[in-house]
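Work through the following exercises with the sequence and the coordinates at hand. Each task is followed by a solution in steps.

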Amino acid sequence: MQFKDIYRTAQRPVLSVELFPPKTEKGWTNLRKELAHIMAHPVGFVSVTYGAGGSTRDNTLKLVKEVRDRYDVTTVPHFTCVGASRQAILDFVDRAIAEGAENLVALRGDPPRGQTEFIPAPDGFRYAYQLVAFLKAHYRDRLSLAVAGYPEGHIETRDLATSIEHLKMKVDAGADLVITQLFYDNADFFRFREMAVRAGITVPIVPGLLPITKYSQIDRITKLCGASIPTDLRKLLLSFEDGSPDQQMAGIAAAIDQAGELLENDVPGIHIFTLNNSLATAHMVEALGHYFE
Ligand SMILES: Cc1cc2nc3c(=O)[nH]c(=O)nc-3n(C[C@H](O)[C@H](O)[C@H](O)COP(=O)(O)OP(=O)(O)OC[C@H]3O[C@@H](n4cnc5c(N)ncnc54)[C@H](O)[C@@H]3O)c2cc1C
């Protein structure tokens, strides 16, 4: 089912999850085990990330196909402009569509490690809105597109109003859905959503949530993407040994509270960045299952 229909027809908030394609055989074996636990819950769609510079291109499509075949669920590849010419974009998306994709998460991507500025590939795109416009012109209604939104502003565009102007360009170019970057303070999301709606963005805006089960790992990720961890939550998590069961449970309890408040405030769904681990997702859905489709 396409994004635009998933949210239009849903009677209740939609639970969606993000996976990444493992790099090793052990990682695949582990993911298959974790996935069985995740898919025991009412998952509306699964999205699969696209590695830096297309390094996971084949594995992104392999995982998309495997999840769709095994669980008969809408499964969506991500795609970034990093290193991709227009022809390479068409090659990837043609393949994804041939294998059954009806949706894509369309992204610019980050500058490759060691580079501070994003440099478009020859005959490629500088911004995600250009990718969206190109895909809509080429595939029209065969593809429904999601784009990324940033409740605290994008790391290169910290001014929230400007960041939202750029988001509006992606929606105007044809995106049907916004999935946000991770955040831990719902006030940031509510402010962002209000400003987005005031700017004329009418497509569903789905909060992306990353439960903290190992503080050092999430601290690294938030520094890379420019998201912040509120002081109280940081203090609480740092009072436990890194990655210990107590820290995991405190992080998951915080994620349940965060998601619960969002679900009480009219979000169309929540998107969980699972990091290929079922523990937090399972606890969250057990606590909040009554909200979902
Ligand atoms: C839900 C989600 C999923 C993601 N999945 C992946 C993934 O699978 N693989 C991966 O590598 N990365 C992924 N990312 C990270 C993403 O690639 C980075 O955040 C990247 O830095 C920006 O991508 P974008 O599509 O938002 O870019 P854009 O929307 O193009 O924005 C990039 C920067 O350019 C600015 N900008 C946009 N338009 C203009 C304009 N017209 N003029 C001037 N400045 C402008 C923006 O404000 C921003 O600072 C994901 C992010 C999210 C939120």
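**Exercise 1: Strand pairing**

Determine how β3 and β4 pair and place the pair in its sheet.

Step 1. β3 and β4 are joined by 3 bridges in the parallel sense; strands are DSSP E runs of at least two residues, numbered from the N terminus, and pairing requires at least two DSSP bridges.

Step 2. Within this pair, His-78 stands opposite Val-105 in β4.

Step 3. The sheet is a barrel closed by 8 strands in the order β1-β2-β3-β4-β5-β6-β7-β8, with parallel pairing.

The model is predicted, so local features need pLDDT of at least 70 and side-chain atom pairs count only at pLDDT 80 or more, while totals for chains, interfaces and linings use all residues. Residues are numbered from 1 along each chain as its sequence is written.

**Exercise 2: Two helices**

Classify the crossing of α6 (160–172) and α7 (186–198).

Step 1. The axes, lines fitted to C-alpha atoms over the stretch in contact, come within 10 Å and cross at roughly 55 degrees.

Step 2. α6 and α7 are therefore oblique to each other, that is, outside the ranges under 35, 65 to 115 and over 145 degrees.

Step 3. The contact (C-beta atoms, placed from the backbone, within 7 Å) involves Leu-160, Ala-161, Ile-164 and Leu-167 of α6 with Phe-192, Met-195 and Ala-196 of α7.

**Exercise 3: The ligand shell**

Identify the element that gives the most to the shell around the ligand.

Step 1. The ligand is surrounded by 24 residues (C-beta atom, placed from the backbone, within 6 Å), and Thr-49, His-78, Arg-108, Ala-128 and Thr-157 are the closest.

Step 2. α6 gives the most, with 4 residues.

Notes. Axes fitted to C-alpha atoms, helices over the stretch in contact; angles between N-to-C directions. Contact = placed C-beta atoms within 7 Å.
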